[in-house]
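Here are a few short exercises, each with a worked solution. Grab a pencil and try each task before you read on.

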Amino acid sequence: MAPKKDRGLDPKSIMINLATAFLIILPFLAYFDRENGMKYCQYVAGSFMLTFLVPPVGWMRPHPYTDKPGNEPIGYKAQ
């Protein structure tokens, strides 16, 4: 099993993976179900919009080894 930091199980990574999977299967869905092709495009666009809105939280974000001053975790004290 991979270390916890390498698993990509934070909400942002999961949303990116799902939206990309929807984008990959979009041409097949639109080809085989031509009547609802535009709805499938709207679903993919909506999934990417939701992905954009999900905050980057999880194991490595925000993290203490950042160059950006506002990206430290809550309660982190620099040594």
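**Exercise 1. Place Ser47 and work out its surroundings.**

Step 1: Start with the secondary structure. Ser47 sits in helix α2, which covers residues 37–53. Helices (H or I, at least four residues) are DSSP runs, numbered from the N terminus.

Step 2: Is Ser47 buried or exposed? Its relative accessibility is 10%, so Ser47 counts as buried. The scale goes like this: buried is under 20% relative accessible area, exposed is over 50%, and partly exposed is in between, using a 1.4 Å probe and protein chains only.

Step 3: Look for partners. Skipping neighbours within four places in sequence, Ser47 is in contact (heavy atoms within 4.5 Å) with Met15, Ala19 and Phe22. For Ser47 and Met15, 32 residues apart along the chain, the C-alpha atoms are separated by 7.8 Å.

Step 4: Check the side chain. That of Ser47 reaches the backbone oxygen of Val44 at 2.7 Å.

A quick note on the model: it's predicted, so local features need pLDDT of at least 70 and side-chain atom pairs pLDDT 80 or more, while totals for chains, interfaces and linings use all residues. Numbering runs from 1 along each chain as its sequence is written, and side-chain values use heavy atoms, with hydrogens and water left out.

**Exercise 2. Describe Ile25 in the same way.**

Step 1: Ile25 belongs to helix α1, residues 11–32.

Step 2: With 40% relative accessibility, Ile25 counts as partly exposed.

Step 3: Now a distance to Val44, which is 19 residues away along the chain: the C-alpha atoms of Ile25 and Val44 are separated by 9.8 Å.

**Exercise 3. Find the aromatic pair and say what kind it is.**

Step 1: Rings of Phe, Tyr and Trp (its six-membered ring) pair if their centres lie within 6.5 Å; planes under 30 degrees apart are stacked, over 60 edge-to-face, and the rest tilted. The count by this rule is one aromatic pair.

Step 2: The partners are Tyr31 and Phe32, with 5.1 Å centre to centre and 80° between the planes, an edge-to-face pair.

Step 3: Both Tyr31 and Phe32 are exposed. Tyr31, a residue of helix α1, counts as exposed because its relative accessibility is 51%.

**Exercise 4. Sum up the whole protein chain.**

Step 1: Count the elements: two helices and zero strands (E, at least two residues).

Step 2: Of its 79 residues, 15% count as buried.

Step 3: Take the contacts between residues at least 6 apart in sequence: 55% of them join residues at least 24 apart.

Key:
A polar contact is a pair of N or O atoms within 3.5 Å; within protein, one must be able to donate a hydrogen and the other to accept it, and residues adjacent in sequence count only if both atoms are side-chain atoms.
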